[in-house]
Amino acid sequence: MGFIWPALDESTDRERKHAFVVAGYLARQRDWTEAERKWMLRLDKEEIKYFSSSECMSLSGEFKRFRDNDKYPRPEGRLAANKIRDDLLEIMKKEQVAGFALGLRLKEHRAMQKSSRARKVLPPDPYENMYTMMMIVIVGELEDEYRAGLFPARETVAFLCDAHDKSVNIKNLYDELKRHNPGCAPWMGSLSYMDNEQSPALQAADMLASQCKDVLVEETTKPPGKRPLGDTFKQRVGGHVSLRVFDMATLKMLVDANLPRKGKPGIYSTQQLTMFKDTVLAKNGDKNR
């Protein structure tokens, strides 16, 4: 039995108005070692200690040197920071990793919150739900591949997430998540947290989550048909990343599948994975979308 390591992080727009995304990459340890080596070499070339999407965007922290100055007059600093991010994206496109992203349109989430019935399942803050859903999506796909004969045996998935003040919520729920999803539980190993400044894998997850959030914001705010989500997404992150998006229809199915029964919350319903296959994948087309 081997170990598979997903590193996950989240991203939302500044006003928390349009999109919330949990995303990250999954790989075996030997593949992570090679990807992280190349990642750190690229950062070392610029004497940057770590990558942060927010710092890259705002030209702050490790990217402060690229602000308007004598060495980097506008727009040279912006272009230099973007080049580093794009080079890191290219590294992840070429390595032996699989990317996963789960997105939520916040406008539709807020609309569902107006229903007392939906509020029994969907809390105002989507953080907890989105992380637990992402974990089930990942191990569910691995179980499908195992049943299809692509794995000789079930392996252990060791989740790594960015550490912050909400992390304890997921850690406290993890055992219950396994208990209520027996079909996925054999894959679910440890859940640990780490400061993303110390982990290139989490920095890569941060970058992917930010890119997916930007694509989803564009798809949400632009007129229908003006910018197809799938084409934009593939151009940015490559065809080895799967993006699934909650819309109103899938949120309603999530509520139906997880309403409390006999006074107990059912947010860990074993119906969740079936719901994803029947609706999210079908609505979004091929896996690379």
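Which residue of β2 does S11 stand opposite? Select both strands of this predicted model and the pair can be found: S11 stands opposite V21. The tour below starts from that pair and moves outward.

**The whole chain**

Begin with the complete chain in cartoon view. The chain holds 11 helices and 6 strands. Of its 289 residues, 52% count as buried. Consider next the contacts between residues at least 6 apart in sequence: 72% of them join residues at least 24 apart.

**The sheet**

Select the strands. An open sheet of 6 strands appears, in the order β5-β4-β1-β2-β3-β6 and with mixed pairing. Its edge strands are β5 (188-194) and β6 (241-246), each of which pairs on one side only. From one strand to the next, the twist averages 20°.

**Strand β1 and its two neighbours**

Now select residues 3-12, which form strand β1. In this strand 7 of the 10 residues are buried, so β1 is largely enclosed by the rest of the structure.

Add strand β4, residues 156-162; β1 pairs with β4 in the parallel sense over 4 bridges. To locate this pairing, display I4, whose bridge partner in β4 is V157.

Then add strand β2, residues 19-28, which runs antiparallel to β1 and is joined to it by 9 bridges. Two further residue pairs help to trace this pairing. P6 has L26 as its bridge partner in β2, and E10 has V22.

Follow the chain from β1 into β2. The two strands form a hairpin with 6 residues between them. Within the turn, select R16, which has a positive phi of about 50°.

**Strand β2 and onward to β3**

Keep β2 selected. Here 9 of the 10 residues are buried, so β2 too is largely enclosed by the rest of the structure. Strand β3 is joined to β2 by 8 bridges, and these two strands run antiparallel. A pair to display is Y25, which stands opposite G99 in β3.

**Helices on the sheet**

Which residues of helix α4 are buried? Select residues 106-113: the buried positions are L106, H109, M112 and Q113. Viewed down the axis of α4, the buried residues fall within an arc of 115°, so they line one face of the helix. Their packing partners are β1, β2, β3 (98-105), α5 (116-119) and α10 (248-258).

Return to the sheet as a whole, with its order β5-β4-β1-β2-β3-β6. Its edge strands are β5 and β6. Helix α4 packs on this sheet, touching β1, β2, β3 and β6, and its direction makes about 50° with that of β3. Next select helix α7, residues 167-179, which also packs on the sheet. Helix α7 touches β4 and β5, and its direction makes about 180° with that of β5.

**Helix α8 and its two partners**

Leave the sheet and select helix α8, residues 200-221, together with helix α1, residues 29-45. At what angle do α1 and α8 pack? The angle is about 80°, with the axes 9 Å apart. The two helices are therefore roughly perpendicular to each other. To view the contact, show W32, E36, W39, M40 and L43 of α1 with P200, A201, Q203, A204 and M207 of α8. These residues divide into 8 nonpolar, 1 polar and 1 charged.

While α1 is on screen, select T33, which lies in this helix. T33 counts as partly exposed because its relative accessibility is 46%, a value between the limits of 20% for buried and 50% for exposed. Measure from T33 to A201: their C-alpha atoms are separated by 9.4 Å, although the two residues are 168 residues apart along the chain.

Now replace α1 with helix α3, residues 76-94, and keep α8 in view. Helices α3 and α8 pack at an angle of about 105°, with their axes 11 Å apart. That angle makes α3 roughly perpendicular to α8. On the α3 side, show R85, L88, L89 and M92, which meet A204, M207 and Q211 in α8. The residues of this contact divide into 5 nonpolar, 1 polar and 1 charged.

As a last selection, show A204 and M207 of α8: both belong to the contact with α1, and both are met by residues of α3.

Definitions and conventions
Residues are numbered from 1 along each chain as its sequence is written. This is a predicted model: local features need pLDDT of at least 70, side-chain atom pairs count only at pLDDT 80 or more; totals for chains, interfaces and linings use all residues. Side-chain values use heavy atoms; hydrogens and water are left out. Axes are lines fitted to C-alpha atoms, for helices over the stretch in contact, and angles run from 0 to 180 degrees between N-to-C directions. Angles under 35 degrees count as roughly parallel, over 145 as roughly antiparallel, 65 to 115 as roughly perpendicular and the rest as oblique. Contact means heavy atoms within 4.5 Å. Ala, Val, Leu, Ile, Met, Phe, Trp, Tyr, Cys and Pro count as nonpolar, Asp, Glu, Lys and Arg as charged, and the others, Gly among them, as polar. Buried means under 20% relative accessible area, exposed over 50%, partly exposed in between (1.4 Å probe, protein chains only). Two strands pair if DSSP finds at least two bridges between them. The arc is that of the directions from the helix axis to the C-beta atoms.
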